[in-house]
Structure formats: C-alpha cells, structure tokens
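Reader: Please take one part of this model and look at it closely. Then set that part against its surroundings.

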Amino acid sequence: MVRARAKAFACILAAFFATWVVAQTPIEEGFVSVGDDVRLFYVKYGSGAPDLIVSNHLYAARPLATLAEGRTVVFYDTRGRGFSTPIHDAALLGMEHEIADFGRVQDHFGVERVSVLGWSLWGAFAQRYAVRNPDRVASVIALSPIEPAAEPFGAMEMLSPGPDFDAVEAYLASTAEDIDPFDLCVGIADIINASQVADDSVLDVLNAKACALPNEYDANIEFTLGTIFGSMGDWDWLEEFRAIDVPLLIVHGDQDTIVPEGIAANAEAAQNARVVEVAQAGHMGFIERPAAYADAIDAFLDELP
C-alpha cells in the first residue's frame, strides 16, 4: 500500500513539473557526490557552465522555472531532502555541510564564478558561502533568509505567528497507529505550512508533491532541520555579513514569519544589498507569488556586470 501510494504520487510530482519540462531545454538530471556516500540530486537547465545555483530544488524549481530562460540554472536538493540521498547519521548533517555543499555543486559543474540562491536557512548559508569564497561568487539571492542573529531577531520570530505545534500534537494523538505515512505527512504539512503562506490555497498541491517523497516526511524534516539548528548554536552572523562585497538581493513576503527587523539588519550589514518585499506573500512567498519573485530576481541578475 505504502509503495503503491508513493508511486502514485511520484506520478503527480512528474505531472506537476510537466509544464516546465516542455518549456525549458536542454535538461540534465543527476547527482553530485559530496562524500560519505551522500549524493545531492540536481536538475540543470541550459547549456554550458551554470550562471545560477539554486538550493531546495523540490520547492523552488517549478515556481522559479523562468529564471532558466536565457540562463543556465542548476537546482539541487539539499542533504537528506527531496530526491537526495536519505541521511540517518547526524554527523553528516549541519550548517557547515550545507554551506560547503554550495561549493561542491559549483565544483561539480566546473564553474569558476556563479550566483547562488537560497531560501530560509539556505538564504543565510548562501551569504556565508559568499563571505568565505569572495572570488567564486558573483552575487547572492536570499529568499526570506533566517534572521542574521539569534538575539534579538530569532527570539522575536518566536513571538510572531508560526506553526501551531499544539495542533500537530493533537492531530498525532487522533491518528491511528497504522495510518499511511503519506496521509500522516499531508496532515502534518497542512498544519505546519499554513503558517508559512499567506494563501493556503497553494497547500493541497504543495503538500501532495512534497509528501510523495519519504525524505519530506515529518520525522525526517524534524531530524534534518533539528540537526542543522543544533549546529548553529546562538548564531550571530552580522559581523560576518559586513564582509559581503558582492551584490545581495533579499526577497521576502509582507506576511513572512521572518521578522522585518531581521531582514533590515541583514541588508544593513551587507555592503551592496537590495530588499524587495512582495505583497500577499508568506515565508513560502516564491510558491504563492512566483512571477513577482522571478521578476525581482531577473531584474537583479540582469544588472550584474
């Protein structure tokens, strides 16, 4: 039953991407080996060396498909997520791995200088990658990047509307022990992601797409993200971000769970930052308002030297 359900929703996933696949060519799919038998799934659109590397393929690829028009773009799934290798060893997860993986993907394609794009945690990690590799990064695009410091900004986020974990616990208590893992995943995602969007009409397709993959089940997300957050400690990257000397674009929703004060502090720290706020958009705003996000990113990339 579980295998059949997963196969059925894999077909939904393929259909979800169909309108993009026929529009963008050529297409190359594969894996980047990053050591310890871990491989990151990627999709490449365009020919030649990439102009842009984008993390979180599963969530970002379809909404940001138009970025591949006139450019070569690589979308990749992060460690233990999407179509990448499942990971059960916490030693293979954490912030340092995620930052380094931008470089490993870049190395795989043999590109000397590239723009990098990350969402949420990876929006901050992309900036840290640029600080460490100033000669390899042409620009950084951060979509709703996590606050640049735990205090006071991260603590402020805890006070803003976020996931209703009490509702999650109540849901788990009400479910049968033999519930289909897909159904369990969708039920939890419906609760969690409701706080991440301004328009919950996008959730049915989004959650079905994600829950087609065991890497996106709640237990795995809790493990992968929990390990990353644990590796961050009481983070404060503001001083480090002052060393970002490449163009930085921050795009976020006006109903984002990332607090405006954190966005402002991030932009103020960088030397050459631009902020675009998208109306009627939440933390997953690029899924809700893809054209607005893509337009902002296109305009930014088109101005690069």
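Author: The account below starts at one acidic residue, glutamate 147, and moves outward.

The model is predicted, so local features need pLDDT of at least 70 and side-chain atom pairs count only at pLDDT 80 or more, while totals for chains, interfaces and linings use all residues. Residues are numbered from 1 along each chain as its sequence is written, and side-chain values use heavy atoms, with hydrogens and water left out.

Glutamate 147 sits in the loop between strand S6 (137-143) and helix H5 (150-159). Helices (H or I, at least four residues) and strands (E, at least two) are DSSP runs, numbered from the N terminus. The residue is buried and has no salt bridge. Buried means under 20% relative accessible area, exposed over 50%, and partly exposed in between (1.4 Å probe, protein chains only). A salt bridge needs a side-chain nitrogen of Lys or Arg within 4 Å of a carboxyl oxygen of Asp or Glu. For glutamate 147, the nearest side chain of opposite charge is arginine 128, 14 Å away. Here Lys and Arg count as positive, Asp and Glu as negative; His and the chain ends are not counted.

What is glutamate 147 in contact with, leaving aside its neighbours within four places in sequence? Its partners are Phe153, Gly154, Glu157, Trp235, Trp237, Thr257, Ile258, Val259 and Gly262. Contact means heavy atoms within 4.5 Å.

The loop holds another point of interest. Serine 144 also lies between S6 and H5. Its phi is positive, about 45°, although it is not a glycine. Serine 144 counts as buried because its relative accessibility is 1%. Helix H5 contains proline 152. The peptide bond from glutamate 151 to proline 152 is cis, with omega near 0°. Most residues other than glycine have a negative phi, and most peptide bonds are trans.

Now the sheet. S6 belongs to an open sheet of 8 strands with mixed pairing, in the order S1-S2-S4-S3-S5-S6-S7-S8. Its edge strands are S1 (27-33) and S8 (273-278), each pairing on one side only. Two strands pair if DSSP finds at least two bridges between them. Neighbouring strands are turned by 20° against each other on average, direction ignored. Helix H4 (residues 121-132) lies across S5, S6 and strand S7 (248-253). H4 runs at about 150° to S5. Axes are lines fitted to C-alpha atoms, for helices over the stretch in contact, and angles run from 0 to 180 degrees between N-to-C directions.

Glutamate 147 lacks a salt bridge, but the count for the model comes to 10. One of them joins arginine 79 to aspartate 101, with the closest N and O atoms 2.6 Å apart. Arginine 79 is in the loop between strand S4 (73-76) and helix H3 (95-108), and aspartate 101 is in H3, 22 residues apart. Arginine 79 counts as buried at 2% relative accessibility. Aspartate 101 is buried too, at 0%. Arginine 104 also bridges to aspartate 101, at 2.8 Å between the closest N and O atoms. These two both lie in H3, 3 residues apart, about one turn of the helix. Arginine 104 is partly exposed, at 29%.
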